[in-house]
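Colleague: I have a few basic questions about how you describe a model like this one. Could you show it to me before we start?

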Amino acid sequence: MLYHIRGKFDAAHALMLPYESKCRYLHGHTYRVSITLEVNDQDVFDGKLNMGIDFARIKGVLDAVLAVRDHALFLSNAGKVEFFGEREPQPGWRLTQGEPTAEYLAQDIYKALACEMGQLSKEGPEIILVAVTLGETDDQGVTYYPNVAFGIASLEQVVAGAQSK
Ligand SMILES: [Zn+2]
């Protein structure tokens with residue numbers, strides 16, 4: 001069974017890209033986050049409880065992970081130097097390894113949530129964090145899904161299917 005939970009947070013960033021881009025200006029987004037979880041333990045869908053995940057519990061975990069990123073300023077070291085020189089990092093700043101792109105943020109959130117799901121899985125059925133989708137707007141975003149089973153296997157099937165024709 002796959003589960004979906006959504007949340008949002010507001011944050012600022014600037015991207016020190018090697019080409020002219022408005023992404024270099026300090027600006028903000030209301031990031032839309034959607035996580036996909038999987039529970040495979042059929043025992044929990046046994047005709048009695050019929051529940052693998054308590055939505056409220058997971059929403060609480062997601063909200064806590066997003067809360068520490070809410071109203072943060074994400075900058076790479078290059079971005080920090082560009083805007084703030086040698087100034088000491090301030091509360092609310094989150095200095096990132098490389099540029100704080102949507103790709104970076106999706107992986108950062110994935111890592112934080114994966115730890116939490118590991119803890120929750122000790123109390124009940126195993127909860128697998130399948131994917132974190134992060135949108136900068138309603139129209140553009142990324143999905144990070146490091147457990148390649150579902151992506152690569154299906155891609156291989158697509159290729160195999162195309163070759164068999
Ligand atoms: Zn941006």
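Modeller: Let us begin with one pair of residues: Lys8 stands opposite Arg32 in β2. Keep in mind that this is a predicted model.

Colleague: What makes β1 and β2 a pair?

Modeller: Two strands pair if DSSP finds at least two bridges between them. Strand β1, residues 2–13, and strand β2, residues 27–38, have 12 bridges. That passes the cut-off, so they count as paired. Their sense is antiparallel.

Colleague: How do you know that β1 and β3 pair, and in which sense?

Modeller: There are 3 bridges between β1 and β3. The cut-off is at least two, so this is a pair as well. Here the sense is parallel. In this pairing, His13 stands opposite Phe74 in β3.

Colleague: And what holds such pairs together in general?

Modeller: Strands of a sheet pair through backbone hydrogen bonds, either parallel or antiparallel.

Colleague: Why is the pairing of the sheet called mixed?

Modeller: β1 pairs with β2 in the antiparallel sense, but with β3 in the parallel sense. The sheet is open and has 6 strands, in the order β4-β3-β1-β2-β5-β6.

Colleague: What makes β4 and β6 edge strands?

Modeller: Count the partners. β4 (93–96) and β6 (141–144) each have a single partner strand, so one side of each lacks a neighbour in the sheet. From one strand to the next, the twist averages 30 degrees.

Colleague: Which strands does helix α3 touch?

Modeller: Helix α3, residues 102–121, packs on the sheet and touches β2, β4, β5 and β6. Its direction makes about 150 degrees with that of β5. Helix α2, residues 77–84, lies across β3 and β4, at about 105 degrees to β3.

Colleague: Now α1. How does its reach compare with the span expected?

Modeller: Helix α1 runs over residues 55–67, which is 13 residues. Its first and last C-alpha atoms are 18 Å apart, close to the 18 Å expected at 1.5 Å a residue.

Colleague: Which residues of α1 are buried, and why do you say they line one face?

Modeller: Ile58, Leu62 and Val65 are buried. Seen down the helix axis, the buried residues of α1 fall within an arc of 60 degrees, so they line one face. Their cover includes β1, β2 and α3. On the other side of α1, Ala56 and Ala67 are exposed.

Colleague: Why is Trp93 called partly exposed?

Modeller: Trp93 has 16 C-beta neighbours inside 10 Å. Buried needs 20 or more, and exposed needs 12 or fewer. The count falls in between, so Trp93 is partly exposed.

Colleague: Where is Trp93, and what does it touch?

Modeller: Trp93 sits in strand β4. Leaving out residues up to four places away in sequence, Trp93 touches Leu73 and Leu75. The C-alpha atoms of Trp93 and Ala72 are 5.7 Å apart, although 21 residues separate them along the chain.

Colleague: How many helices and strands are there in the protein?

Modeller: There are 4 helices and 6 strands. From the N terminus on, they run β-β-α-β-α-β-α-β-β-α. Of the 165 residues, 19% are buried.

Conventions:
Residues numbered from 1 in each chain as written. Predicted model: local features only at pLDDT ≥ 70, side-chain atom pairs only at ≥ 80, totals over all residues. Axes fitted to C-alpha atoms, helices over the stretch in contact; angles between N-to-C directions. Contact = placed C-beta atoms within 7 Å. Expected span 1.5 Å × (residues − 1). Arc of directions from axis to C-beta.
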